[in-house]
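Visitor: I should like to take a close look at a single part of this structure. Could you guide me through the aromatic pairs and the strands around them?

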Amino acid sequence: QVQLVESGGGLVQPGGSLRLSCAASGSIFSINAMGWYRQSPGKERELVVRIFSSGVTNYADSVKGRFTISRDNAKNTVYLQMNSLKPEDTAAYYCNVQGLTMTYKNFEGWGQGTLVTVSS
């Protein structure tokens, strides 16, 4: 069993910043990739950014230059620093983690979601 706990969402004015975090715990042997997705009402969930164990990152074009992903391997935690936020960034943000359990089975976990609202 792998659990993900997210934190850091909230209300922010356009141009402001927020930092999200997601901590993974449980029967984890290794983590291959950690990332963030978002979903707005009436839209499909979309990839925001992900980071692989190699350090390679994959950003959506809409957030390049404004959002930064980082991870603390010792804590199995991933962060998303969001700067220059725009109203169109308003969405529920979900953490996603993929890896191997202690019994060497592949797992993929999702966080509970945290709401980010960008509005004046």
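Guide: What follows is an account of the aromatic pairs, the strands that carry them, and the surroundings of those strands. Please keep in mind that the model is predicted.

Let us begin with the rings. A search of the whole structure finds 2 aromatic pairs. One of them is formed by F29 and Y104, whose ring centres are 5.0 Å apart and whose planes meet at 65°, an edge-to-face arrangement. This pair links distant parts of the chain, since F29 belongs to strand β4 whereas Y104 sits in the loop between β9 and β10, 75 residues apart. F29 has a relative accessibility of 46%, so it counts as partly exposed. Y104, at 55% relative accessibility, counts as exposed, because the cut-off for that class is over 50%.

Another pair joins Y37 and W110. The centres of the two rings are 5.1 Å apart and the planes stand at 65°, so this pair is edge-to-face. Y37 lies in strand β4 and W110 in strand β10, so the pair ties together parts that are 73 residues apart in sequence. Y37 has a relative accessible area of 16% and is therefore buried, the limit being under 20%. W110, with a relative accessible area of 36%, is partly exposed. W110 also has a charged neighbour: R45 lies over the face of W110, at 4.7 Å from the ring centre. A similar description applies elsewhere, where R19 lies over the face of Y79, at 4.1 Å from the ring centre.

We now turn to the strand that holds W110. In a regular strand the side chains alternate between the two faces of the sheet. Strand β10 has a covered face, with F107 and G109, and an uncovered face, with N106, E108 and W110. Its partner is β9, and the two strands pair in the antiparallel sense over 5 bridges. Within this pairing, N106 of β10 is the bridge partner of L100. The hairpin of β9 and β10 has 4 residues between the strands, and there Y104 takes a positive phi near 65°. Y104 thus appears both in this hairpin and in the aromatic pair with F29.

The hairpin of β7 and β8 may be set beside this one. Strands β7 and β8 run antiparallel and are joined by 6 bridges, with F67 standing opposite M82 in β8. Here too there are 4 residues between the strands, and N76 takes a positive phi near 50°.

F67 and M82 lead us to the interior. In soluble globular proteins, nonpolar side chains tend to be buried together. The largest nonpolar core has 29 residues, and W36, V48, F67, V78, L80, M82 and Y93 touch the most other members. Among the elements that give two or more residues to this core are β4, β7, β8, β9 and β11.

Two further residues complete the picture. S40 is placed in the loop between β4 and β5. At a relative accessible area of 18%, S40 is buried. Its side chain reaches the backbone oxygen of T90 at 3.1 Å. T114 lies in strand β11 and, at 12% relative accessibility, counts as buried. Apart from neighbours within four places in sequence, T114 is in contact with residues including E6, L20 and Y93, and Y93 is one of the core residues named above.

Conventions
Residues numbered from 1 in each chain as written. Predicted model: local features only at pLDDT ≥ 70, side-chain atom pairs only at ≥ 80, totals over all residues. Heavy atoms only, no water. Buried < 20%, exposed > 50% of the residue type's maximum accessible area, 1.4 Å probe, protein only. Contact = heavy atoms within 4.5 Å. Pairing = 2+ DSSP bridges. Core = buried A, V, L, I, M, F, W, Y, C linked by side-chain atoms within 4.5 Å. Polar contact = N/O pair within 3.5 Å; in protein donor to acceptor, adjacent residues only side chain to side chain. Phe/Tyr/Trp six-rings, centres within 6.5 Å; stacked < 30°, edge-to-face > 60°. Lys NZ or Arg CZ within 6 Å of the ring centre and 35° of its normal.
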